[in-house]
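The exercises below are to be worked with the sequence and the model at hand. Each task is followed by a solution in steps.

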Amino acid sequence: MTFSAKLSAAIQAKKTPVLVGIDPRFNMIPECLKQGVDSADLKAVADVYRTFSCRILDVIAPHVACIKPQLAFFEAVGPYGMLALADVIDYARELGLVVILDGKRNDIGSTAEGYAAAYLGEKSAWRGDALTVSPYLGEDSVQPFVKVAEQNDAGIFVLVKTSNPGGGMLQDLVADGKTIYQHTADWVEKTAAAFADSTGEKYGAVGAVVGATYPEQLAELRKRMPHAWLLVPGFGAQGGTVKDVAHAFDENGLGAIINNSRGIIFAHSRKDYAGRFQDSEWEKAVETAVLDMKEQFKDFVR
């Protein structure tokens, strides 16, 4: 099954485009999970991250189609953190979740090939269904990821219009009559369309990261990339709303996945949930947050 087909089927089965980011941060994890743990003890911290992440997966797996582990938080705990990440990925696959690895990787030549081989596909070392990729080094740096994605029935999400305030420093610059993000989007669309044509599907395995914090550009880019899946960060904690992301979807409520990380995995500390959950009830808070977000998108997937 191609990545696009797998993602479509998973979204339709769970009836939601909600994507949960797995971003463990020691200072935000419920106290009941880290009592007696020294933050300088990297092995102990990694064990906390493993337990926390896997228990989140238990809660969300019945409700959502996919997760997005942020590699940086696991890498920050060193080798123990990477072992924890491997266990989280394996467990997510056991639960039938689509795993999108957020590493924003890239380089040139054989190094790009190494990254692609490491992360993309069920038989790769990290067993990712997809990976976020930076396009800054140009087309020849992204092609190795495209090639491996095609070979391994995996996908990539290319950074096009990111959700952070400073992204416009480069992405909004104009060259040859178009912004850099429009140039990047046109390349993504060309490559995604070639994938789609070869499989007979609506969407290809090359998608784009487009932030919810720029709703006008999001609507523009949906039209500009009709064959590309959109991974939309910036919902919730960064200010994005359902109205902001509505234009990311096609007529069947497909074509986009909406990420929420902090607002779900650390829901026990959300101000709007104040007084509802004790520290030991953090899993109930996670489930409540997932269901609340899912409710907001209930009319999207048909």
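**Exercise 1. Decide how helices α7 and α9 are oriented relative to each other.**

Solution. The model is a predicted one. Begin with the two elements: α7 covers residues 139-152 and α9 covers residues 180-199. Their axes lie 12 Å apart and make an angle of about 25°. Angles under 35 degrees count as roughly parallel. The helices α7 and α9 are therefore roughly parallel to each other. As for handedness, the crossing of α7 past α9 is right-handed.

**Exercise 2. List the residues through which α7 and α9 make contact, and sort them by class.**

Solution. On the α7 side the contact is made by Glu139, Val142, Gln143, Val146 and Glu150. On the α9 side, Trp187, Lys190, Thr191 and Phe195 take part. Sorted by class, the contact comprises 4 nonpolar, 2 polar and 3 charged residues.

**Exercise 3. Is Thr191 buried or exposed, and which residues does it touch?**

Solution. Locate Thr191 first: this residue belongs to helix α9. Its relative accessibility is 10%, and the cut-off for buried is under 20%, so Thr191 counts as buried. Next, look for contacts, leaving out residues up to four places away in sequence: Thr191 touches Val146 and Val206. Of these two, Val146 is also one of the α7 residues in the helix contact of Exercise 2.

**Exercise 4. Place strand β10 in its sheet and name its bridge partners.**

Solution. Start from the whole sheet: 8 strands form a closed barrel in the order β1-β2-β3-β4-β5-β8-β9-β10, with parallel pairing. From one strand to the next the twist averages 30°. Now take the pairings of β10. Strand β1 (residues 18-22) pairs with β10 in the parallel sense over 3 bridges, and Leu19 has Asn259 of β10 as its bridge partner. Strand β9 (residues 230-232) also pairs with β10 in the parallel sense, over 3 bridges. Here Leu230 is matched with Ala256 of β10, while Leu231 stands opposite Ile257.

**Exercise 5. Why is strand β10 described as largely enclosed?**

Solution. Count the buried residues in β10, which spans residues 256-260: 5 of the 5 are buried, so the strand is largely enclosed by the rest of the structure. Then separate the faces. In a regular strand the side chains alternate between the two faces of the sheet. One side of β10 carries Ala256, Ile258 and Asn260, and the other carries Ile257 and Asn259. These residues are all buried, and both faces of β10 are covered.

Definitions and conventions. Residues are numbered from 1 along each chain as its sequence is written. This is a predicted model: local features need pLDDT of at least 70, side-chain atom pairs count only at pLDDT 80 or more; totals for chains, interfaces and linings use all residues. Side-chain values use heavy atoms; hydrogens and water are left out. Axes are lines fitted to C-alpha atoms, for helices over the stretch in contact, and angles run from 0 to 180 degrees between N-to-C directions. Helices (H or I, at least four residues) and strands (E, at least two) are DSSP runs, numbered from the N terminus. Angles under 35 degrees count as roughly parallel, over 145 as roughly antiparallel, 65 to 115 as roughly perpendicular and the rest as oblique. A crossing is left-handed if the near helix is turned anticlockwise from the far one by less than a right angle, and right-handed if clockwise. Contact means heavy atoms within 4.5 Å. Ala, Val, Leu, Ile, Met, Phe, Trp, Tyr, Cys and Pro count as nonpolar, Asp, Glu, Lys and Arg as charged, and the others, Gly among them, as polar. Buried means under 20% relative accessible area, exposed over 50%, partly exposed in between (1.4 Å probe, protein chains only). Two strands pair if DSSP finds at least two bridges between them.
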